[in-house]
Amino acid sequence: MDSTNFNLISRPGVGKGGNHISLLVNHFRVSVRSPDEIFYQYSVKITSGHDRTIESAVIGRKVIDKLCQTYSSELGGKKVVYDGRKILYSVGPLPSTNFEFTVVLEESIAKSNGSPSEHAKRCKHSVQSKVFKVEISYSIKIPLQSVLAPKGSKADETTDALRVLDTVLRHHAASKGCLMVRQSFFKDDSRKSIDVGNGVTCLRGLRSSFNMTQAGLSLNMDVATTLVLTPGSILDFLLVNLNVREPRYIDWEKAKRILKNLRIKTRHTNMELKIIGLSEKPCYQQSFALKIKNDQSSMEEEIVETTVFDYFTKHRGVELSYSKYMPCLDVGKPKRPAYLPIELCSLVPLQRYMKALSPIQRAFLAEKSRQKPHEQMEVLKDAVISCQYDKEPLLAGCGISIEKQFMKVAGRVLEVPKLKVGKCEDCIPHNGRWNFNSKQLHSAVKIQCWAIVNFSSRCDTSHLSRELINCARSKGVHIERPYALIEEDQRMRKASPLVRVDEMFEKLQDKLPGEPEFILCVLPEKKNCDIYVSVSLLCIGPWKMRSLCKFGVVTQCVSPTKITNQYLTNVLLKINSKLGGTNSLLAMEQASCIPPIKDIPTMILGMDVSHGPPGRSDTPSIASVVGSLSWPHISRYRAAVRTQSPKVEMIDCLFKPSANGEDNGIMRELFTDFYDTSKGRKPEQIIVFRDGVSESQFHQVLSIELEQIKQAYLALGEVEGPKFTVIVAQRNHHTKLFQAGAPDNAPPGTVVDTEVVHPRNYDFYLCSHAGIFGTLAADSLSCLA
């Protein structure tokens, strides 16, 4: 595309190459008997006493449900769906454009005066009425036809209509008491849970949404997972979450932070309450003013000072076995605390866990949550039947019915690309994988000065170095004997990771004559090693921080349980690439016969942004861009990295003019290196692969990032910008491809560019590698320009 045009391109046609393959896809066709129906959108405002706006989706849904029961005739008998926030939908108009209703909810809740004695009144199920005012006003019309004939409709209309249909699905799940995470929903079912440790459970659920496809409207259903707190005893949760064996070792300051805002259910009153903190004193010392009657016949009351422990054991007759010396849970309000002993409370189900998992938890969860293709298909077939979406009133009102069988699509399996390795030998991948065991590398490096550092007590570094050198020579890599084998002092193994790494670098500097070409680092553990990765911060650990950021030395970390030729070959592939070698080329690349690239200087860019872990809003995001070198080859790249504002997805440092007019952005570096390695040629066309953006951000990629690349190019003195091809790669989608009549994943090289793709945009699905474990998620590739 011309870089001044920021409109998404349309599909020019479909591909023809490759062998035909029959596939099934997790989309279910949707038919509509009343395509001319119109959705009416209404704004909703719910307020309680003192005109306080209700923000809670749970309370809002209860209010709207009660409103529909009480004022059905005023609504003309219309069924409505509520999005849990501020919007209501109906099929056809309501009798009026503006309504104002008074809704009364009755609950077994009484106001607390700050003492546990009020909980005694609650257990008598005293009913309190809460009054809400609901204002409903007409907003817009949304034609259903826009998703049935999307090519003739505006993009905004189709988006609005899909949002209505997806709101119906969420409304349906909410009515079943499910936990909802956007379009995914989860039931409290222990049979579908996985304990991942630290008081955290993974729940399996479902994700459903309506999609526009070339074949028409479809319902996409996929399996989903989310993390929740393990319901049950508060004490048990704290012990496993804080990783302590006995209550006396609990750090109550940490416990206070962990428990804040969690929902609990009381054992003695069966009420659900929210924790706002902990008492300052233990249960047997935390006192409060208790009102008691002088005798049964008198109405006079006196105030006595008592402790929470005495109140429950003496006045309530509740036996407390272990919480006497522990703080109490505060379930009141900031200025009116209400204390409960810990053992009388338990965590309620379906409370989301929003923090990041440790590396070992992630690895465990990935292994346990895998499903084979045929298993996942059975789950989804059962789900589309059991959900009974056809009976949802709003969908039934439009005459919407959903097929119960997977959609059939035609795919193509592309020819396997040949590779060229050392000695001009061919290497033909098998099932998406290739093996270098009997091959030499295409362009191998020579390593003169290097060292091994060993943090492990199990590894024989002398044996490792000999085997690595022998394996390297068989691959064409010449490696001299290591200049130093440095073992960690056993006394340092109990020190902090940072101290251990600093001590090792001091030894390195003493023994090496100068800067090494690379360092082989033997780690003590394969997973969850705090030298390699910071488990608490979920970022690079002290070894990478010191070697890459401070000293600028290439390193390769290993943790071999068994030293085999295959393992060493895989390590050598990484070392050779890091030191500037080339492991292999595409056969057509070596022959300079890639049609779009061989005649026009072409640069290929890969761009992505990685963000900090959940809950760490202060961690900068990292923008990474790689650019190809040595045109007409496309297998050599250099990388450039910058930090930017936390949680910002669009890269803002591609073009960075300073006060003196000099460009300090990423693209200037990449353009300069391309020029230096491509015989003085500047790129006339640029192919951009962008990862990690959603469909709603496509136009931002073109208007923000692509515009920066153009400006950086023109800043080099060029009058006209190059031509661009921009492709967005997405993994975070929910379309799965299954082989028809076979239990295996779709083979690598499978392409689908018909039926299930977008009706307007230029997109396709590609299985870029083999699916060895679980169900393969194909890449969704969208060509924007």
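The legends below describe an overview and several close-up views of a predicted model of one protein chain.

**Figure 1. Overview of the protein chain, with its 18 helices and 44 strands.** The C-alpha atoms of the chain fill a box of roughly 105 × 75 × 60 Å, taken along the principal axes. Of the 785 residues in the chain, 47% are buried, while the surface that the chain exposes comes to about 39,600 Å², with carbon and sulfur atoms supplying 50% of it. Among the contacts with a separation of 6 or more, 69% are between residues 24 or more positions apart. The chain carries 103 positive and 83 negative side chains, and the centres of these two sets lie 3 Å apart.

**Figure 2. Close-up of a positive surface patch that includes Arg336.** The patch is formed by Arg52, Lys130, Lys333 and Arg336. Arg336 belongs to the loop that runs between strand 20 (327-330) and strand 21 (339-340). Arg336 counts as partly exposed because its relative accessibility of 37% falls between the 20% limit for buried residues and the 50% limit for exposed ones.

**Figure 3. Close-up of Gln371 in the loop between helix 8 (359-368) and helix 9 (373-386).** With a relative accessibility of 14%, Gln371 counts as buried, because the value is under 20%. Leaving out residues up to four places away in sequence, Gln371 touches Arg204, Val223, Gln376, Val379, Gly774 and Thr775. The view also takes in Leu776, which is 405 residues from Gln371 in sequence, although the two C-alpha atoms are 9.7 Å apart in space.

**Figure 4. Close-up of Arg500 within helix 12 (residues 497-511).** Although Arg500 has a charged side chain that counts as positive, the residue is buried, because its relative accessibility is 9% and the limit for buried residues is 20%. When neighbours within four places in sequence are set aside, the residues in contact with Arg500 are Phe455, Glu488, Met492, Arg493, Ala495, Pro524 and Ile531.

**Figure 5. Close-up of Ile704 in helix 18 (residues 698-714).** Ile704 has a relative accessible area of 33% and is therefore partly exposed, as this value lies between 20% and 50%. Apart from residues up to four places away in sequence, Ile704 touches Met650 and Ile651. Ile704 and Ile651 are separated by 53 residues in sequence, and the distance between them in space is 8.1 Å, C-alpha to C-alpha.

**Figure 6. Close-up of helix 7 (residues 308-315) and the glycine that comes just after it.** The buried residues of helix 7 are Val308, Phe309, Tyr311 and Phe312. Just after the end of this helix, Gly317 takes a positive phi of about 70°.

**Figure 7. Close-up of helix 13 (residues 542-550) and the residue Gly552.** In helix 13, the buried residues are Pro542, Trp543, Lys544, Arg546 and Ser547. Gly552 is placed just after helix 13, and its phi is positive, at about 70°.

Notes: Residues are numbered from 1 along each chain as its sequence is written. This is a predicted model: local features need pLDDT of at least 70, side-chain atom pairs count only at pLDDT 80 or more; totals for chains, interfaces and linings use all residues. Side-chain values use heavy atoms; hydrogens and water are left out. Helices (H or I, at least four residues) and strands (E, at least two) are DSSP runs, numbered from the N terminus. Buried means under 20% relative accessible area, exposed over 50%, partly exposed in between (1.4 Å probe, protein chains only). Contact means heavy atoms within 4.5 Å. Patches are made of residues with over 30% relative accessible area and no salt bridge: like charges are joined within 9 Å, nonpolar side chains (Val, Leu, Ile, Met, Phe, Trp, Tyr) within 5 Å. Accessible areas come from the Shrake-Rupley method with a 1.4 Å probe; for residues, only the protein chains shown count as cover. A salt bridge is a side-chain nitrogen of Lys or Arg within 4 Å of a carboxyl oxygen of Asp or Glu. The place of a charge is taken as NZ of Lys, CZ of Arg, CG of Asp or CD of Glu.
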